[in-house]
Amino acid sequence: MSDDIDNKDRQLVPVDQKNDKSIVPYHGVRSMAEVKHGIVHFESPFSQLSLNTDLNIPPSNWLRTSSKLEQHVRDLTWNTSRRPSQFSSIDIAHNTPDIVGEVDVISHAANIKKLLKIPFEKSHVSMMVHRVGKTLLLDEFDIHKQLLRTEQNEWGWLRRFYYECVLRDLHHNMKCVPRPSKRRDSLQNRNMYSKFLYHSVCDTESDVSVAATNRMLTRDDLSLIPDPLPKPRGSQTSRDVLWTFEDIKMLIGTDLPVFRDESYYVSLRLRDMKTPINVLTGLDYWLDNLMCNVPEVAMCFHIEGIVKQYEIIKTEDIPDLENSKFDPQSVTDIAKNILSFLKNNATKEGHTYWLYKGTNDDVVKLYDLTALCGDERGPSEQNPFTVPLGMLLYRVARNMWTNQTPRKASLMRTLLENCLILLDGTQHPQVCTSASYLLSDLYVPDSSLDDDWSLPGSSSEENSDEESQQDVDNSGDSGTHSVDVKVLSKRGSVSRAKELTRLKPFNETAEERCTEATKFIQMGLSYLRRDLDLGTHKRSSLVEEQAKCNSDEAIPLHYEPIRKNEKNANKNTKTHTADPDTKYEVKVDLDLQMTSVTPDSEVRDRKQDQSWHVLSKGLLFRKAAFTFSALAKQALGSNNLLDLLKFLKLAFSCFGALKVILPHKAEENDALLSSLYGLLGDARLGLLKTGLLPVDWPVIWKTSPPEECAILEMTEKEFETFEFESWFDLPSSKPDILKGCVQCYKMAVQLCNKKNKHVFEPLVKREGNAYNELGVCLMQQAQNALESSDLQEKSLTGMQTTWDQASQALKEGIGVFECIEDKANQALLHCNLGRLMRLIAQTYTNTVQIGNKQEFTPLEREYYNKAINSYKTALQLGNQGFKHLVESVRWELSTTYFNMAALLQDYAPLTSVRQEEVENEVVNLMFQSLKYCGKDNASFASQTMYQFRAATINHRLASLFHNSLRDEHTEQKRKHLRTLSESHYEKALKLYYQMECYNEHLQTQLEYIALLDLCLSGQTAPRHQLKTLLYMLHSLTDCSESLKSLTSQLEDSNQTSDQQTSLLKESHTISTIMETKLQHTLLQLVKVYKQINSRKSGKEASSKADDMKKLYAASLGHGKADSDSATVISRCKFLLTVLTQVTCFYQEVLQKDLEVRHSLMC
């Protein structure tokens, strides 16, 4: 061996199993190799042959397979099946599906070298090109073998195209097609190379290591249909290498023998010293070393088989060898230009392209065979690449789904859609079933249950990029493209166009995506049913690819050994004595040798097929349930309640089928079932409110898409009775429908995971709201019964049942909201419970009023107190940050206090309680009502309502104190009661006047005058009497505005007859009382002024008395007491005239007396 072996300056970057990713520059060419899949590595040092060794004589170990290395050498040199096949790139891609779409090229190393040698030689080039994503698959196509030696019915369509187009364009005859060399020296050279490698293999195998095959990245996910494809059969080459050449990434298969020499690696070459190394040979050696990251090549030179010398050549020195000089940079330019040419023109996935260059031709052509020959191919003629390519597209897409490959969702969809286009569902139903399921999962992921429609690893950048790529126009594509060979060597002569991945972005709406998913689910179920209809499958039916025979291996004979037990014992003995590292392999190999096709194995295969079909069908139904659940949500959002109910029935049917087929799988999808129950509750509630009941199911199914009807029909075949049918038989009773809603929500809450708060809490709220709706409905039913019933004992019993149900529903709702600490809804339900208690109290009030003893009963008091407690609880909860509830609750509480006080005041229980106690309780209740009727806390819209309530309370309090004054004889108490009564009358009068409630103002004013008149009757001093009378006259003058409004209402002709009658009756009473009070007041004033004995004052009093007489006389001028409309209106107008005169006299004369008297009193 040369002294160069000891050179320490060389780069030692071997191909090893550590995935060394360092980029090695060779004369400015960047290259990096990383083993992705390896079978055998030559890690033992090669045995250097002695000089004058005769390679014509076979070594003792020639063609033996006692060691891994010997087996590999034999396969490398004599196994014809290891040569590149027409599907080699597809086989490589099957082993590493995670790389497909990431690299630029996948092919055998021989094909790559042949492409890079195009400008250096005139030989023939024929390769098939396919595209998967941005990856090109290159495979050698042997025209002589495939087109010229096969039968006429095979490749007939391509043979016709070759005769009619290719040869005609090239003006060549059949002699231009190269044939495999059958010369004697070719066989001799192969024998010599085989003997040379066997000589170079060391006897020891201790250092030999078997590289672990990279296991496909798979995820054991029970949500995915099991892969119907068999595991990849392994690479046809020694190793699959990820080779980065400049900026080009290639996955290549190579068989280069690499040995270890001391601490570094070399490749071995056998050369005849008579034949110099030319450019093609040097380029071949250089590319092989670059592809495997081997720093040196060990050249063994011989003459007629006699070894003469060894020479170590560095990889970077190969381009400078004598007679073999070439420019490495030119090779990189060739690689870039060829790749650009292919990528610019081979753009369609699923199409088969033919890269062809004839011998001594100056043009390389690329034919789109799918486009050019698609119409010429007969129904029985199939492109042999279609099925393998379709299988590869499926495997790559499935691998992306399994690994959740980032930003590949749209690519997955494109791959799967092309897979379904390429594969015939009748021939490959299982793969088509799985592809359809994966597509449905892309359109409707499981995360859609939580309204998350993001795709696995997708991003907005991907969608925007894809959107700009989908509108590429290929209408002018002729299907044939060419490039001049001379152009390939020029740098940048073929510019690479923008990557046209032709991906369709996921920009559909949720409803559109669900519709597409429904179609694919129906397709998957149809494929599955077709597969089942074909009959019982053998295990081999799962293997979608045709098994290939190896001509260099014996066909195993399937038999059962006669002395099976002894052999099994021997096996066990061998297993225990074998090396620990190889024990498992030996045992597996022996088991495989003993395998035979027996009835038991057929039964086992049949069971495996059945289990695959069962699991696939169950998962498809599960995905259908998810899809229809998502459609139901969309229908609910658009308030399309009939569609909502239809999609829910479809979803429940699919879930029922899943429950029958895969019970354990149904139990794992509680979240889905919970969502369906929640949506069903929403549907029942919505249908109830909109009045769309009953549902006409035949009409709904008649107008439904065929995919939905087909899926429903398939689900019905899975069960005898529909478990969830009762949920869709909607009753006619409103309370029964609401009770069903409550049950739906309860089921949804029970199945929901409490840790998932963003789903659990809304469900609990919907359950609580359903309880509230049920309680309010029953309460309304009781209200209607109260209004229409005669309150007999039978009807009262039915109402009590309704009350109990309503109360129970509201209390259950409160408990539900307490679980999630929803205080706002707790307050709302407490408020409704208070309303229910008021309704019950009102019912008992009406019952009492029918009887003879009309008094406020203990039952009324009990339920009013319960209502008050409920309202106070609601107010306490509402004050914790829910101001929008506080105003409503305060009003309801004020109303409760007011009603209770009014009933106590009007129907005092004097038979059981003293009058004084009743009055004290009424006063307290009225003050409580007034307390919660604060106008300051009311909104602007509620101001008038609050003012009227406050005026009414003050009016009732004033009347109460007024009435107590009549029966009180103690002077001190009388003064106190008068003060209280006057105070409340004044407040009521002020509020009524502000609100322009003139009728109420007149009534209150007259009652106030009656209070003053009562006080006048107990006064004896003329000064006190005069003051009281002046107050009475002042109050009468304040009635002018209200009386004028009353007159206008009487003259209004727009009122109904009932309104007119009621107003006329009220006006007659008011005008009569006012006339009487006015006359009485004027008369008493005349008497008082005459009683004054002061001289000076007497003259003035006498003059005032005369004036008062005239006013009194004027007040007597009407004289009519009829109650007809004209008389009442006439009386009102008369009173207005008199009051005008009295007002003028009062303001000019009497008001001064009132001020003087008031000052004297003070």
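# Notebook: a predicted chain, looked up piece by piece

**Overall layout.** I began with contacts, taken as heavy atoms within 4.5 Å, and found that among those in the protein chain between residues at least 6 apart in sequence, 77% join residues at least 24 apart. The model is predicted, and local features need pLDDT of at least 70 while side-chain atom pairs count only at pLDDT 80 or more, with totals for chains, interfaces and linings using all residues. I number residues from 1 along each chain as its sequence is written, and side-chain values use heavy atoms, with hydrogens and water left out.

I noted 38 helices and 16 strands in the protein chain; these are DSSP runs numbered from the N terminus, helices being H or I over at least four residues and strands E over at least two. Of the 1162 residues, 52% are buried, where buried means under 20% relative accessible area, exposed over 50% and partly exposed in between, with a 1.4 Å probe and protein chains only.

**Confidence.** I then looked up pLDDT, the predictor's confidence in each residue from 0 to 100; the protein chain averages 79, and 76% of the residues score at least 70. Among the elements, helix α28 (residues 858-878) has the highest mean, 93, and helix α17 (residues 583-594) the lowest, 31. Residues 536-547 have a pLDDT below 50, with 26 contacts in the model beyond near neighbours in sequence. Over residues 564-599 the pLDDT also stays under 50, and here the model has 15 contacts beyond four places in sequence. I keep in mind that where pLDDT is low, the predicted coordinates should not be read in detail.

**Cavities.** For empty space I used a 1 Å grid over the protein atoms alone, where a cavity is a set of points at which a 1.4 Å probe fits but cannot get out, a pocket is an open set with protein on both sides within 12 Å along at least five of seven lines, and lining residues have an atom within 4 Å of a point. Grid points are joined across faces, edges and corners, and a volume is the space filled by probe spheres set on the points.

I counted seven cavities of 30 Å³ or more, and the largest holds about 120 Å³. Its lining includes Val-105, Ile-112, Leu-136, Ile-248, Met-250 and Ala-335. Two or more lining residues come from each of α3 (109-116), β6 (135-140), β9 (248-254) and α8 (328-345), and α8 gives the most, with four. The lining has 12 nonpolar residues, no polar and no charged, counting Ala, Val, Leu, Ile, Met, Phe, Trp, Tyr, Cys and Pro as nonpolar, Asp, Glu, Lys and Arg as charged, and the others, Gly among them, as polar.

**Second largest pocket.** The second largest pocket has about 970 Å³ of space. Of the 36 residues that line this pocket, Arg-978, Glu-982, Tyr-1008, Thr-1028 and Tyr-1031 are the closest to its centre. Helix α32 gives the most to the lining, with nine residues, and the lining divides into 11 nonpolar, 14 polar and 11 charged.

**Helix α21 and its surroundings.** I checked the length of α21 (residues 670-690): at 1.5 Å a residue its 21 residues should span 30 Å, and the end C-alpha atoms are 30 Å apart, which agrees; the expected span is 1.5 Å times one less than the number of residues. Since 17 of these 21 residues are buried, α21 is largely enclosed by the rest of the structure. After α21 comes Gly-691, with a positive phi near 70 degrees.

Ser-629 lies in helix α18 (residues 599-637) and is buried, at 2% relative accessibility. Beyond neighbours within four places in sequence, the contacts of Ser-629 include Leu-449, Leu-672, Ser-675 and Leu-679.

**Single residues.** Thr-1081, in helix α36 (residues 1057-1091), is buried at 0% relative accessibility. Thr-1081 stands 48 residues from Leu-1033 in sequence, yet the two are 6.6 Å apart in space, C-alpha to C-alpha.

I also looked up positive phi values outside glycine. Asn-52 has a phi near 70 degrees, sits in the loop between β3 (40-41) and α1 (68-78), and is exposed at 52% relative accessibility. Glu-246, whose phi is about 60 degrees, lies in the loop between β8 (239-245) and β9 and is buried, with a relative accessible area of 11%.
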